[in-house]
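Grab a coffee and work through a few short exercises on the model shown here. Try each task yourself before reading its solution.

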Amino acid sequence: MLQRYYGGSLPFPVSQDMPVGHLKYLTTKQALADIPYFAANFSRPNHPDIDLTPRGAPWVMIGGSYPGIRAAFTRNKYPDTIFAAYASSAPVQAQLDMSVYYEQIYRAMVANGYSNCTKDIQAALKYIDDQLSNEETSASIKRLFLGDDAENNSNADFTTALVALYGPFQAHGIWSGNQSLHNFCNYLELDPATNQSAGPEGLSPIYGNQYVAERWAAYPYFISLVNRMYGTNCNGLNASEPLSCDFSQTNTTPELISWTWQYCTEWGFFQSNNFGTHALLSSYQTLEYQQELCYRQFPNGVQAGILPPRPRTESLNEELGGWTIRPSNVPLSVLSDEDWAPQGVNFTTEIPACGVPTGKDAVFGYIMENAVHCPDFQLTPAAAVSRDYFSKALKQWLPCFRRNQSGSLDDP
């Protein structure tokens, strides 16, 4: 069973004008509880004599990101339904402040020789924020980057568009074609005097913050990347569509509305600026702004008593286990090197026995070096190695299911 993100399988029609009260049923707890009911009633007309429910067939749940979260928690909570699960890049610990997302990008850029680019991005953002703070220059800096109509955005909404620079990173890392960070940094760091790449300090110490900001604004692929990420038509790049450069619009697609509801009510994961020496976003990209986006998407939610003032991350972790879960028959991705993560936890590729969880100080799984979000599902040699560990584990576990069915072994 492959668990999709949302796709066309939403339990009810979700739309922008749907009464917010209908969304109160969209919780992680409910989403998990849907699966045992579905599985217990599953059949196929062309196989009427085969029991395809979890009593007759081992159900394996596979997912990455949020579906990976569901895979891990469903096996943990409903082991009689899901026999085994594969949870890739599954952030099972709910967390309000997810500014650490940009720490990973910063580290990847530095590790790949682009420390000069991080410094020039920071210099450009300082110039941009200074211009935005002045009413006389705020409109012109917005138009410089995105063309006419961009000036009508608030400073926070406008700097949201700048975040598009990192959009391809999650799925592709810094190497993803014309719109990659690799390509952008090579462009930004080309010294016009020498025609060589800048040294480790970047170009801003030589040419100034304004220079690198204007250089960024002139990046040939930037506006097209913004339009692709946000569904806009800034600078009228698409001549067949009207000019549209408004970043205050709410989500209109069902899956984005649904996911926004879930992170605004439970998961958090607010990707605000990683303030400090590694910052890669504008200072306008704050946690408060991220919370405001929740209020904007669901304007009547708080008044109706349905949308909490902030995501209930603590209660969700307490209910589901967060970092601490160790379901059996599941390779997990709960390991983290961050200093706020549980310490003393190690990973192992040694396959645990069927139905036997690892201890709290160990996680069964495989770590892919220099990887990105859900890399296990890509057609790469490294991904094949990762999947092979799960395949071997599953082959080792499956006889356990057969013995369960014969009654000679207790259910794990």
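**Exercise 1.** Work out what share of the protein's residues counts as buried.

*Solution.* Keep in mind that this is a predicted model. Buried means under 20% relative accessible area. With that cut-off, 48% of the 412 residues count as buried. Now look at the outside: the accessible surface comes to about 20,200 Å², and carbon and sulfur atoms account for 51% of that.

**Exercise 2.** Decide how compact the fold is, starting from its helices and strands.

*Solution.* Begin with the parts list: 15 helices and 6 strands. Next, take the radius of gyration, which is 24 Å, and set it beside the 22 Å that the globule rule gives for 412 residues; the two are close, so the protein is as compact as a globular protein of that length. For the outline, the C-alpha atoms fill a box of roughly 75 × 50 × 40 Å along the principal axes. Finally, check the contacts: among those between residues at least 6 apart in sequence, 67% join residues at least 24 apart.

**Exercise 3.** Place Leu256 in the fold and say whether Leu256 is buried, partly exposed or exposed.

*Solution.* First find the element: Leu256 sits in helix 12, which covers residues 254–267. Then take its relative accessible area, 40%. Partly exposed runs between the 20% and 50% cut-offs, so Leu256 is partly exposed at 40%. Last, compare with Leu335: the pair is 79 residues apart in sequence, and their C-alpha atoms are 27 Å apart in space.

**Exercise 4.** Find how far apart the mean positions of the positive and negative charges are.

*Solution.* Count 25 positive and 39 negative charges, then take the mean position of each set: the two points lie 10 Å apart.

Notes
Residues are numbered from 1 along each chain as its sequence is written. This is a predicted model: local features need pLDDT of at least 70, side-chain atom pairs count only at pLDDT 80 or more; totals for chains, interfaces and linings use all residues. Side-chain values use heavy atoms; hydrogens and water are left out. Helices (H or I, at least four residues) and strands (E, at least two) are DSSP runs, numbered from the N terminus. Buried means under 20% relative accessible area, exposed over 50%, partly exposed in between (1.4 Å probe, protein chains only). The radius of gyration is taken over C-alpha atoms; the globule rule is 2.2 Å times the number of residues to the power 0.38. Contact means heavy atoms within 4.5 Å. Accessible areas come from the Shrake-Rupley method with a 1.4 Å probe; for residues, only the protein chains shown count as cover. Lys and Arg count as positive and Asp and Glu as negative; His and the chain ends are not counted. The place of a charge is taken as NZ of Lys, CZ of Arg, CG of Asp or CD of Glu.
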